[in-house]
Amino acid sequence: MLVVTALGGNALLRRGQALTAENQRENVAVAARSLAPVAMEHQLVVGHGNGPQVGLLALQGASYGKVETYPFDVLGAETEGMIGYMIEQELGNLLPFERPLATLLTMVEVDPADPAFGNPTKFIGPIYTRDDADRIAAEKGWTFKADGDAFRRVVPSPMPKRIFELRPIRWLLEQNTVVIAAGGGGIPTMYEPGEAPDGRRRLVGVECVIDKDLATELLARELGADLLAILTDVDAIYVDWGTPSQKAIRRASPQALAALSFPAGSMGPKVEAACRFAIATGKRACIGSLKDLTGMIAGTAGTTVTTEADGIAFADSASQGASS
């Protein structure tokens with residue numbers, strides 16, 4: 001079975017932790033202990049987040065005034081390599097030496113006409129005062145929006161349209177390689193309008209970020225994956241999250257989930273990605289905690305999203321949050 005996972009950024013750097021290489025490596029080692037048993041039984045592709053890592057590189061770049069901060073496509077490529085290196089090493093410490101691993105820089109095409117470019121919404125980087133945000137916006141042309149009582153930079157988050165490295169990913173899977181790909185939603189690219197003098201279209205990087213769950217869903221669909229597993233720091237999809245009446249969903253149809261509302265900045269894209277995959281392929285997607293990955297694959301943990309479900313089935317109250 002081909003399993004494609006979307007490893008949440010919180011699995012690589014927990015909330016409140018310092019952005020040190022040591023902390024990230026420790027968290028990757030924990031993630032590897034959940035991924036390794038899956039890799040032993042199935043073909044495995046690992047996607048992952050990179051939000052904190054990109055934010056750190058942008059801040060480091062901004063602190064060195066002699067060189068303009070690198071654009072997001074370049075920062076995304078840097079983090080794909082860095083995080084992929086750590087995953088390869090820690091998974092390699094658990095898997096047989098003969099099992100190959102490979103990290104692939106993954107370019108993802110976005111549409112220049114995507115409406116997201118006219119309404120940047122994705123918060124990145126630190127918070128600023130209104131005066132500092134206005135000053136930086138004038139200096140660098142960045143866009144800021146209110147985030148609570150502070151201001152943060154926002155960038156567009158367009159939909160992923162095409163993954164360019166599908167063929168080499170398939171070649172690697174044919175050799176039973178564990179592939180790390182589409183990290184951070186992939187490196188955002190687009191074709192410039194019109195044609196170059198030689199008649200060829202020119203692919204360029206884009207100053208935006210792509211949601212990693214939606215990009216991993218596209219990757220899973222294009223690869224013909226049997227299961228999409230979206231891994232986060234909660235053990236299931238919940239209704240009424242954070243209230244005394246919260247309930248974990250064990251199994252649901254995409255149509256039933258579409259009738260509910262989930263936060264746009266957290267569970268919303270995960271639910272959207274799972275529903276897209278289930279509808280497009282007729283196969284299962286699941287959302288849950290990294291440490292429950294084996295149970296999610298078996299259908300006994302997390303939330304399973306499938307067109308075979310009839311509405312929504314909630315978890316037993318005794319089991320809700322038991323794994324969190």
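Begin by selecting Tyr128, Trp142 and Phe144, which together form one aromatic cluster in what is a predicted model. With their side chains shown, keep the aromatic residues in view, for the count of aromatic pairs comes to 4.

Next, select Phe164 and Tyr191, whose ring centres lie 6.2 Å apart and whose planes stand at 75 degrees, so that the pair is edge-to-face, a class that requires planes over 60 degrees apart. If you colour the chain by secondary structure, you will find Phe164 in the loop between β8 (162-163) and α6 (166-174), and Tyr191 in strand β10 (residues 187-191), so placed that the pair links distant parts of the chain, 27 residues apart. A surface display is useful for the next comparison: Phe164, at 25% relative accessibility, counts as partly exposed, whereas Tyr191, at 19%, counts as buried, the limit for burial being under 20%.

From there, move to helix α7 (residues 212-223) and helix α9 (residues 267-281), whose axes come within 8 Å and cross at roughly 15 degrees. Because angles under 35 degrees count as roughly parallel, α7 is described as roughly parallel to α9, and α7 passes α9 in a right-handed crossing.

To examine the contact itself, select Lys212, Asp213, Leu214, Glu217, Ala220 and Arg221 in α7, and then the residues they meet in α9, namely Pro269, Lys270, Glu272, Ala273, Arg276, Phe277, Ala280 and Thr281. Coloured by residue class, the residues of this contact of α7 with α9 divide into 6 nonpolar, 1 polar and 7 charged.

Technical notes: Residues numbered from 1 in each chain as written. Predicted model: local features only at pLDDT ≥ 70, side-chain atom pairs only at ≥ 80, totals over all residues. Heavy atoms only, no water. Axes fitted to C-alpha atoms, helices over the stretch in contact; angles between N-to-C directions. Helix = DSSP H or I, 4+ residues; strand = E, 2+ residues; numbered from the N terminus. Parallel < 35°, antiparallel > 145°, perpendicular 65-115°, else oblique. Left-handed = near helix turned anticlockwise from the far one by under 90°. Contact = heavy atoms within 4.5 Å. Nonpolar A, V, L, I, M, F, W, Y, C, P; charged D, E, K, R; others polar. Phe/Tyr/Trp six-rings, centres within 6.5 Å; stacked < 30°, edge-to-face > 60°. Buried < 20%, exposed > 50% of the residue type's maximum accessible area, 1.4 Å probe, protein only.
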